[in-house]
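Work through the exercises below with the sequence and the coordinates open. Each task is followed by a solution in steps.

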Amino acid sequence: MSGLYIHIPFCKQACHYCDFHFSTQLGKKEAMVQAIAKEIQLRNSEVEDEVETIYFGGGTPSVLSNQEIEFLIQTVYDNYKVIDQPEITLEANPDDLVSSRAQSRDLFSAYKKSGINRLSIGIQSFFDEDLKLMNRAHNASEAEKCIQQATEYFDNITIDLIYGIPGMDNNRWKANIQKTLNFGLPHISSYALTVEPRTALQKFIEKGTVPDVDDEQAQEQFYILVDTLEAHGFVNYEISNFGKPDYFSKNNTAYWLGKKYIGVGPSAHSFDGKNRSWNIRNNPTYIKKIDEGVLPMEIEALTQSDRYNEAVMTGLRTIWGVDLEKIESEFGSNYLDYLNLQAQKYVKQDLLQFVDGKLLTTKKGKFLADGIASDLFFVE
């Protein structure tokens with residue numbers, strides 16, 4: 001099975017923390033949709049098996065009209081073998097979904113008719129002070145209204161929440177979690193606010209107009225999140241993802257388990273099992289090259305050490321862990337011996353554990369998983 005990721009590189013406005021590839025200039029939206037459709041066609045020979053998931057990410061895919069979304073989904077069906085009832089996810093922002101009650105009903109109904117069966121809504125916070133600091137395009141009222149309406153049409157809904165926001169104390173974070181639980185949603189993705197280079201947030205922190213991110217408070221809020229959601233039946237199946245049984249993201253799970261996927265659109269990444277590739281991060285150049293029938297991508301052949309390092313990184317982030325037998329069979333006993341040796345100090349600190357032939361993070365080690373993984377990497 002393969003996954004297809006479609007990157008929509010447009011947003012109404014720039015969030016202060018975001019370093020994803022997007023443009024706030026929507027004038028080339030039609031040309032971009034046509035170019036993405038053409039890339040989907042150009043790359044159909046890369047997928048020999050069936051497509052299991054279609055994921056619209058960005059950017060903000062909900063800036064597209066429903067007709068444009070339908071057109072891209074149909075293009076996938078016209079060029080690939082797609083399983084019955086694939087998971088089709090649309091990332092959306094609340095302000096795009098709740099203009100008026102009547103229009104929202106029409107929009108949700110149209111999404112469902114087009115084949116979308118999973119919504120990923122970028123809430124981030126239910127409090128206006130947090131949303132203003134991050135320069136989100138929606139307000140707290142729209143966030144709640146959006147979910148209320150979405151649940152009338154969709155069962156499979158996930159929302160994004162951000163913790164570690166400067167000025168957000170633990171009580172407000174707990175209130176964010178409780179508001180989420182009150183809606184009865186089956187999936188939540190939650191991330192620590194990070195200060196990315198060359199973002200507005202970095203500049204504000206450097207100038208002192210916004211306090212720096214407090215890593216200790218972020219860690220504390222992460223464990224508040226884990227404890228609360230697990231007590232309500234959620235499984236923390238990947239560090240940033242919590243799902244009720246049967247509601248794990250099939251698209252993202254495929255990434256973490258090392259399955260193949262194709263990413264179309266500017267800046268989108270792909271993986272064929274041995275190579276990683278990524279498209280150019282420039283909208284006009286992307287459109288021009290695709291119009292010429294040229295795929296504007298770079299390809300990196302992964303070394304054995306690269307693939308081992310990725311297996312360790314993704315494994316430690318998930319409940320499935322790093323499969324020791326698989327490490328030995330795919331990479332050799334020297335890699336397994338190295339992994340066992342490097343892991344020992346973290347086992348002694350109760351940050352890692354060996355369970356049933358798997359290397360897993362403990363609850364204490366979850367928040368530190370990426371740093372731990374980097375210390376287990378094999379560097380040639």
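**Exercise 1. A pocket and its lining**

Which strands each supply at least two residues of the lining of the second largest pocket?

Solution. The structure is a predicted model.
- Step 1: The strands in question are β1 (2-8), β9 (261-264), β10 (269-271), β11 (275-279) and β12 (297-301).
- Step 2: Of these, β11 gives the most, with three residues.
- Step 3: The whole lining comprises 16 residues, and those nearest the pocket centre are Arg-43, Glu-46, Ser-270, Phe-271 and Asp-272.
- Step 4: The volume of this second largest pocket is about 200 Å³.

**Exercise 2. Strand β1**

State how many residues of β1 are buried, assign them to its two faces, and describe its pairing with β2.

Solution.
- Step 1: Seven of the seven residues of β1 are buried.
- Step 2: One face carries Ser-2, Leu-4, Ile-6 and Ile-8, while the other carries Gly-3, Tyr-5 and His-7; both faces are covered.
- Step 3: β1 pairs with β2 (residues 51-58) in the parallel sense, over seven bridges.
- Step 4: Within that pairing, His-7 has Gly-57 of β2 as its bridge partner.

**Exercise 3. His-16**

Locate His-16, then decide: is His-16 buried or exposed?

Solution.
- Step 1: His-16 sits in the loop that lies between β1 and α1 (29-42).
- Step 2: Buried means under 20% relative accessible area.
- Step 3: His-16 has a relative accessibility of 17%, so His-16 counts as buried.
- Step 4: Not counting residues up to four places away in sequence, His-16 touches Leu-133, Met-134, Asn-135, Thr-199, Ala-200, Leu-201 and Phe-204.

**Exercise 4. Helix α2**

Compare the span of α2 with the expected value and list its buried residues.

Solution.
- Step 1: α2 covers residues 66-79, which makes 14 residues.
- Step 2: From first C-alpha to last, α2 reaches 20 Å, close to the 20 Å expected at 1.5 Å a residue.
- Step 3: The buried residues of α2 are Asn-66, Glu-68, Ile-69, Leu-72, Ile-73, Thr-75 and Val-76.

**Exercise 5. A hairpin**

How many residues join β7 to β8 in the hairpin?

Solution.
- Step 1: Two residues make the connection between β7 and β8.
- Step 2: β7 (residues 235-238) and β8 (residues 241-243) are antiparallel, with two bridges between them.
- Step 3: Val-235 finds its bridge partner in Gly-243 of β8.

**Exercise 6. A three-stranded sheet**

Give the strand order of the open sheet that contains β13, β14 and β15, and explain which strands stand at its edges.

Solution.
- Step 1: The order is β13-β15-β14, and the pairing is antiparallel.
- Step 2: β13 (322-323) and β14 (352-355) each have a single partner strand, so they stand at the edges and one side of each is left without a neighbour in the sheet.
- Step 3: β14 and β15 (residues 358-361) are joined by four bridges, and Gln-353 has Leu-360 of β15 as its bridge partner.
- Step 4: Helix α14 (residues 333-348) lies across β13, β14 and β15, at about 120° to β14.

**Exercise 7. Phe-377**

Where does Phe-377 lie, and which residues is Phe-377 in contact with, leaving aside its neighbours within four places in sequence?

Solution.
- Step 1: Phe-377 belongs to the segment after α15 (369-376).
- Step 2: With those neighbours left aside, its contacts are Tyr-308, Asn-309, Met-313 and Tyr-338.
- Step 3: Between the C-alpha atoms of Phe-377 and Lys-250 the separation is 27 Å, and these residues are 127 residues apart along the chain.

Technical notes
Residues are numbered from 1 along each chain as its sequence is written. This is a predicted model: local features need pLDDT of at least 70, side-chain atom pairs count only at pLDDT 80 or more; totals for chains, interfaces and linings use all residues. Side-chain values use heavy atoms; hydrogens and water are left out. Two strands pair if DSSP finds at least two bridges between them. Contact means heavy atoms within 4.5 Å. Axes are lines fitted to C-alpha atoms, for helices over the stretch in contact, and angles run from 0 to 180 degrees between N-to-C directions. The expected span of a helix is 1.5 Å times one less than its number of residues. Buried means under 20% relative accessible area, exposed over 50%, partly exposed in between (1.4 Å probe, protein chains only). On a 1 Å grid over the protein atoms alone, a cavity is a set of points where a 1.4 Å probe fits but cannot get out, and a pocket is an open set with protein on both sides within 12 Å along at least five of seven lines; lining residues have an atom within 4 Å of a point. Grid points are joined across faces, edges and corners, and a volume is the space filled by probe spheres set on the points.
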